Amino acid sequence: MTTTIIWFRQDLRLSDHPALQAASERNLPVVPVYIFDEVTPGQWKMGGAQRWWLRHSLTSLAASLKKRNLNLILRRGPALSILKQLMVETQGSALYWNRCYEPYAIRRDQEIKKYFTQQGIEVESFNGSLLFEPWKIANQKKEPYKVFTQFWKACLKGTNPDRPCEKPTTFVSFPTPLYSDVLDDWRLLPESPDWAKAFAQEWQPGEEGAVKRLQDFIKGGTLQRYHNDRDRPGCAGSSKLSPHLHFGEISPRQIWYAIHETTENTPGVETFLSEIGWREFSYSLLYHFPTFPEAPFRPEFNHFAWHKNPQLLRAWQRGMTGYPIVDAGMRQLWTTGWMHNRVRMITASFLTKDLLIDWREGEKWFWDTLVDADLANNSVSWQWTAGSGVDASPYFRIFNPVLQGEKFDPQGEYVRRWVPELKGLPAQFIHQPWTAPEGILQAAGVTLGKTYPSPVVDHRLARDIALKAYEGIKGKTDCSLSSSETKKSN
Ligand SMILES: Cc1cc2nc3c(=O)[nH]c(=O)nc-3n(C[C@H](O)[C@H](O)[C@H](O)COP(=O)(O)OP(=O)(O)OC[C@H]3O[C@@H](n4cnc5c(N)ncnc54)[C@H](O)[C@@H]3O)c2cc1C
């Protein structure tokens, strides 16, 4: 007997799963496995919010596989040794997976591919996570694009992404029981305190939840209004597909074709697909510049004198900065594991420019608290906001948290929802309570410094200090990063 092992990673679905489809076509027993490896990712091992998601997503995947007579095998430990063992237990003759693009995953997968190929086992990897493979999109000099608009134009100019593959319907299952860990033993859920108790009201992890989210987004009209509403945190103006995409419960190809086949090309559609394009761009950058999560892309930022201030960092993490839009965002993040994109930009600008705290501190906090924490999207977005990345928001573009709040949350619905101690304030003062007359504060039950913090910094002063700090590094150079063009696909 020979078996095909399907190694599930960031592709926790059955539809448009090229590795699974290829396995089903072999007509031999299929053994699906998920390996929980906490060592290989190093400092990027799964954060708390992601572990919550993974627990529920694996339950959903196991149930879907069970309906097709397949038992999902769960094992914990270094991937290579687990796979070696499983290969012996099942007399495996092939190992299939869909590709990951994190630098540690690429190294790991290359090692695994080399090892098993030498053993005469067929190892195949497939594209299950991206519309366009990063090594296929290059400029005329064969270099990766560093400007989003040029990158996306080049993507759209080429051939359409591959069509999603069919969900396989029949499998040959492995005839004898195989050992599997019990999911609960991995202790992925928080216990005391259970800080994720509100997550379940917000999310349905798993393929079914992902498909439902996409259908609601397309059919409920949000997609058509996306270009207007996506910047308004007080209304449900975006898809909230990010954790589903991160865990691969739905593929970008499924999204691409579902949208093209059911809707006309309106401004909402175009803007939405360009955000999917930002995901592709971020993956391409991480692939070509693997130090993105740890080092500034623009080397002069190695000289930036970031402040170390644990007290201010804590105030930011807790949503206690005294700037309502910032605090609302940080509390939405803590409570639901997700934050609106506009507010991610505002809170990130506040941390790196008003508080002058290193973007890597923010990146780490988001990594631990976001259900959609994604190495490519998170690192590229943090560097974009901090000004140290590619195609970055220039450093001197410092978001004014009051004006941003007034522009994107004019009636203050978002702030009232997440900072309830301010909910009695009129819209005029909701983004700057310190300017409200005493009588209005009293009527709203607000005592600054007591029921809600006074601002931890004065934005105008902080802005001047940030600009001076930036002047100090302008023109400085360092050894520049180079693209690893020689890298092969994993
Ligand atoms: C500081 C900061 C950190 C971020 N960290 C992450 C992260 O860890 N994981 C993550 O998925 N996104 C991250 N983003 C990007 C963006 O905020 C989220 O993808 C988006 O808010 C998710 O909500 P949505 O699914 O409703 O997005 P929609 O607006 O509906 O967009 C659809 C999809 O496009 C992708 N996308 C949208 N905006 C971006 C973007 N700017 N960059 C890359 N992909 C994008 C996402 O996969 C998203 O699900 C970050 C942004 C900032 C400013």
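How many Å separate the centres of domain 2 and domain 3, taken over C-alpha atoms? The separation is 27 Å. This is a predicted model.

## Domains

The protein is divided into three parts: domain 1 (3–128), domain 2 (130–164 + 206–288) and domain 3 (299–473). Domain 2 and domain 3 touch. On one side, 17 residues of domain 2 take part, and they are in contact with 19 residues of domain 3. On the domain 2 side, α9 and α11 are the elements that give two or more residues. Helix α11 has the largest share there, with five residues. Sorted by class, this side of domain 2 has seven nonpolar, five polar and five charged residues.

## The ligand

Where does the ligand's shell lie? Domain 2 and domain 3 both give residues to this shell, so the shell lies between them. In total, 27 residues surround the ligand. The closest are Ser238, Ser239, Ser242, Asn378 and Ser381. Four helices each supply at least two residues of the shell: α9 (242–246), α11 (267–288), α14 (341–354) and α16 (375–386). The shell is mixed in class: 10 nonpolar, 10 polar and seven charged residues.

## Helix packing

Two packed helices are described by the angle between their axes and the distance between the axes. Here are three pairs.

| Helix pair | Angle | Axis distance |
|---|---|---|
| α13 and α14 | about 115° | 9 Å apart |
| α8 and α11 | roughly 75° | within 7 Å |
| α14 and α16 | roughly 60° | within 9 Å |

Start with the last pair. The angle of roughly 60° makes α14 oblique to α16. The crossing of α14 past α16 is right-handed. From α14 come Arg344, Met345, Ala348, Ser349 and Thr352, and they meet Ser381, Trp382, Thr385 and Ala386 in α16. This contact has four nonpolar, four polar and one charged residues. Ser381 has already appeared, as one of the residues closest to the ligand.

Now take α13 (residues 324–336) with α14, at about 115°. These two helices are therefore roughly perpendicular to each other. Here α13 passes α14 in a left-handed crossing. Helix α13 brings Ile325, Val326, Ala328, Gly329 and Met330, while α14 brings Val343, Ile346, Thr347 and Phe350. Which classes make up this contact? There are seven nonpolar and two polar residues, and no charged ones.

The remaining pair is α8 (residues 222–229) with α11, crossing at roughly 75°. They too are roughly perpendicular to each other. On the α8 side, the contact is made by Leu223, Gln224, Arg225, Tyr226 and His227. On the α11 side, Pro267, Gly268, Val269, Thr271 and Phe272 take part. By class, this contact divides into five nonpolar, four polar and one charged. Helix α11 also supplies at least two residues of the ligand's shell.

## Two backbone details

Most residues other than glycine have a negative phi, and most peptide bonds are trans. Two places in this model deserve a look.

Is the peptide bond from Ser192 to Pro193 cis or trans? The bond is cis, with omega near 0°. Pro193 sits in the loop between β6 (172–173) and α6 (199–202).

The other place is Asn69. Its phi is near 65°, a positive value in a residue other than glycine. Asn69 is in the loop between α2 (48–67) and β3 (73–76).

Conventions:
Residues numbered from 1 in each chain as written. Predicted model: local features only at pLDDT ≥ 70, side-chain atom pairs only at ≥ 80, totals over all residues. Near = placed C-beta within 6 Å. Nonpolar A, V, L, I, M, F, W, Y, C, P; charged D, E, K, R; others polar. Domains from an automatic or database assignment. Axes fitted to C-alpha atoms, helices over the stretch in contact; angles between N-to-C directions. Parallel < 35°, antiparallel > 145°, perpendicular 65-115°, else oblique. Left-handed = near helix turned anticlockwise from the far one by under 90°. Contact = placed C-beta atoms within 7 Å.
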